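Colleague: I should be grateful for a guided introduction to this structure. Might we proceed by question and answer?

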Amino acid sequence: MEGEVFLDGKPVAEAAVAFTPVGGGPVASGVTDPQGRFRLQTANQPGAPTGEYIVTVVKYTILGLNPDGTSAAGGIRYQWHVPERYSQPSTSGLKAKVDGSQGPLRFDLSSN
């Protein structure tokens with residue numbers, strides 16, 4: 001299973017993409033390349049089993065750590081390169097159906 005991720009019309013590089021099965025089971029995941037393309041793997045095997053999935057896309061940088069690795073005041077802060085709402089199955093709003101016959105999937109995300 002292949003696909004691509006865009007944010008505001010631009011490809012998203014180095015984002016973690018996860019397909020969580022709606023009825024439970026192993027998560028399929030991949031990482032986007034510089035053109036926003038990804039290939040899924042499930043349990044170290046290429047692809048994703050047939051089924052319906054909730055999709056998440058995660059890309060952030062950790063901010064606020066001290067040089068010694070301890071937390072800055074107020075805890076660890078993140079700079080989200082893809083809006084945080086796309087990082088959780090309950091808020092991403094992204095869904096996919098894998099049936100083996102479709103071509104690459106495209107996810108067009110918005111920073112608004």
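Colleague: Which residues form a nonpolar patch on the surface?

Modeller: This is a predicted model, in which local features need pLDDT of at least 70 and side-chain atom pairs count only at pLDDT 80 or more, while totals for chains, interfaces and linings use all residues. Residues are numbered from 1 along each chain as its sequence is written, and side-chain values use heavy atoms, with hydrogens and water left out. A patch is built from residues with over 30% relative accessible area and no salt bridge, like charges being joined within 9 Å and nonpolar side chains (Val, Leu, Ile, Met, Phe, Trp, Tyr) within 5 Å. With about 450 Å² of accessible area together (Shrake-Rupley method, 1.4 Å probe, only the protein chains shown counting as cover for residues), the members are Tyr60, Ile62, Leu65, Ile76 and Tyr78.

Colleague: Is tyrosine 60 buried, partly exposed or exposed?

Modeller: Tyrosine 60 is found in strand E9, residues 60–63; strands (E, at least two residues) and helices (H or I, at least four) are DSSP runs numbered from the N terminus. Buried means under 20% relative accessible area, exposed over 50%, and partly exposed in between, with a 1.4 Å probe and protein chains only. Because its relative accessibility is 38%, tyrosine 60 counts as partly exposed.

Colleague: How many strands are there in the chain?

Modeller: From the N terminus on, the elements run β-β-β-β-β-β-β-β-β-β-β-β. There are 0 helices, and the number of strands is 12.

Colleague: How many salt bridges does a search of the whole structure find?

Modeller: Side chains of opposite charge can pair when their charged atoms come close. A salt bridge is a side-chain nitrogen of Lys or Arg within 4 Å of a carboxyl oxygen of Asp or Glu. The search of the whole structure finds 4.

Colleague: Which residue forms a salt bridge with glutamate 4 at 3.9 Å between the closest N and O atoms?

Modeller: Glutamate 4 is partly exposed, with a relative accessible area of 23%. The closest N and O atoms of the pair are 3.9 Å apart, and the partner is arginine 106. Glutamate 4 lies in strand E1 and its partner in strand E12 (residues 105–109), so the pair ties together parts 102 residues apart in sequence. The residue asked for is therefore arginine 106.

Colleague: What is the N to O distance in the salt bridge of arginine 39 and glutamate 2?

Modeller: Arginine 39 is exposed, at 61% relative accessible area, whereas glutamate 2 is partly exposed, at 34%. Their side chains meet in a salt bridge with an N to O distance of 3.2 Å.
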